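Student: Please take a close look at a single part of this model, the sheet and the segments around it. I should like one connected account, with the criteria stated where they matter.

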Amino acid sequence: MTPLKKLEEEVSTWPGISIHPPRFGGKEFCFDSAEVGHMHTGGIVDIPFPRSVRDALLGEGLAEEHRGVPNSGWTTFHVRSEEDLKRALWLMRLSYLRYALKVTTDPQRQFEQESEHLHLSPQFKSLLEPFVPKTANYVATEPLSA
């Protein structure tokens, strides 16, 4: 199985994720109506982030500027190997987390668990903390862990 197929299979198991065809081919992963990211044939994965997170990812060399919209929150990552697959899954999960935390019953506890699971640095934790709701908007039907 190719790394892109493995990426699709893993991300599709996350609660709340649906897969759609994007405008330019490939697969688009959405949480409700929000895009978590998409992949193109050939191994290119594009993932949106808040600008501050995107800037930190670029600064750490964890992703590249999006070629089509470089002055946005979009990032690009090339998946060519199993090691790249791990990074792509980490980036996708980081994007997913912002939306998933809005529907969990205990956002702060879930954020701490996800931060530990993703081995988030203090810098990335502080950049994502503003997206942790003080209370859940509604009760999730499924736990976040996948």
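Tutor: In strand β6, the bridge partner of V45 is F77. The two strands involved, β4 (44-48) and β6 (residues 74-78), run antiparallel and are joined by five bridges. Strands here are DSSP runs of E with at least two residues, helices are runs of H or I with at least four, and both are numbered from the N terminus. Two strands count as paired if DSSP finds at least two bridges between them. This is a predicted model, in which local features need pLDDT of at least 70 and side-chain atom pairs count only at pLDDT 80 or more, while totals for chains, interfaces and linings use all residues. Residues are numbered from 1 along each chain as its sequence is written, and side-chain values use heavy atoms, with hydrogens and water left out.

V45 also has a partner in β3: M39 is bridged to V45 of β4. H38 has D46 of β4 as its bridge partner. Two bridges join β3 to β4, and these strands run antiparallel. They form a hairpin with four residues between them, and G42 in the turn has a positive phi of about 95°.

The side chains of β4 are divided between two directions: I44, D46 and P48 point one way and V45 and I47 the other, and all are buried. Burial means under 20% relative accessible area, exposure means over 50%, and partly exposed lies in between, with a 1.4 Å probe and protein chains only. Five of the five residues of β4 are buried, so this strand is largely enclosed by the rest of the structure. Six of the six residues of β3 are likewise buried, so β3 too is largely enclosed by the rest of the structure.

The loop between β3 (34-39) and β4 contains H40. With a relative accessible area of 13%, H40 is buried. Leaving aside residues up to four places away in sequence, H40 touches L4, F24, G25, G26, D46 and R67, where contact means heavy atoms within 4.5 Å.

On the other side of the turn that precedes β3, M39 of β3 is the bridge partner of K27. Five bridges join β2 to β3, which run antiparallel. These two strands form a hairpin with two residues between them, and D32 lies in its turn. D32 has a positive phi of about 60° although it is not a glycine, and at 64% relative accessibility it counts as exposed. H119 also has a positive phi, of about 55°, without being a glycine. H119 lies in the loop between α4 (107-117) and α5 (122-128) and is exposed, with a relative accessible area of 70%.

From β2 (residues 27-31), four bridges lead to β1, and the two strands run antiparallel. S18 stands opposite C30 of β2. The whole is an open sheet of six strands in the order β1-β2-β3-β4-β6-β5, with antiparallel pairing. Its edge strands are β1 (17-20) and β5 (64-65), each of which pairs on one side only. Strands of a sheet pair through backbone hydrogen bonds, either parallel or antiparallel.

A helix pair may be considered next. Two packed helices are described by the angle between their axes and the distance between the axes. The axes of α1 (residues 3-11) and α3 (residues 82-100) come within 10 Å and cross at roughly 30°. That makes α1 roughly parallel to α3. Axes are lines fitted to C-alpha atoms, for helices over the stretch in contact, and angles run from 0 to 180 degrees between N-to-C directions. Angles under 35 degrees count as roughly parallel, over 145 as roughly antiparallel, 65 to 115 as roughly perpendicular and the rest as oblique.

The crossing of α1 past α3 is right-handed, that is, the near helix is turned clockwise from the far one by less than a right angle. P3, K6, L7, E10 and V11 of α1 make the contact with E82, L85, A88, L89 and M92 of α3. By class, this contact has seven nonpolar, no polar and three charged residues. Ala, Val, Leu, Ile, Met, Phe, Trp, Tyr, Cys and Pro count as nonpolar, Asp, Glu, Lys and Arg as charged, and the others, Gly among them, as polar.
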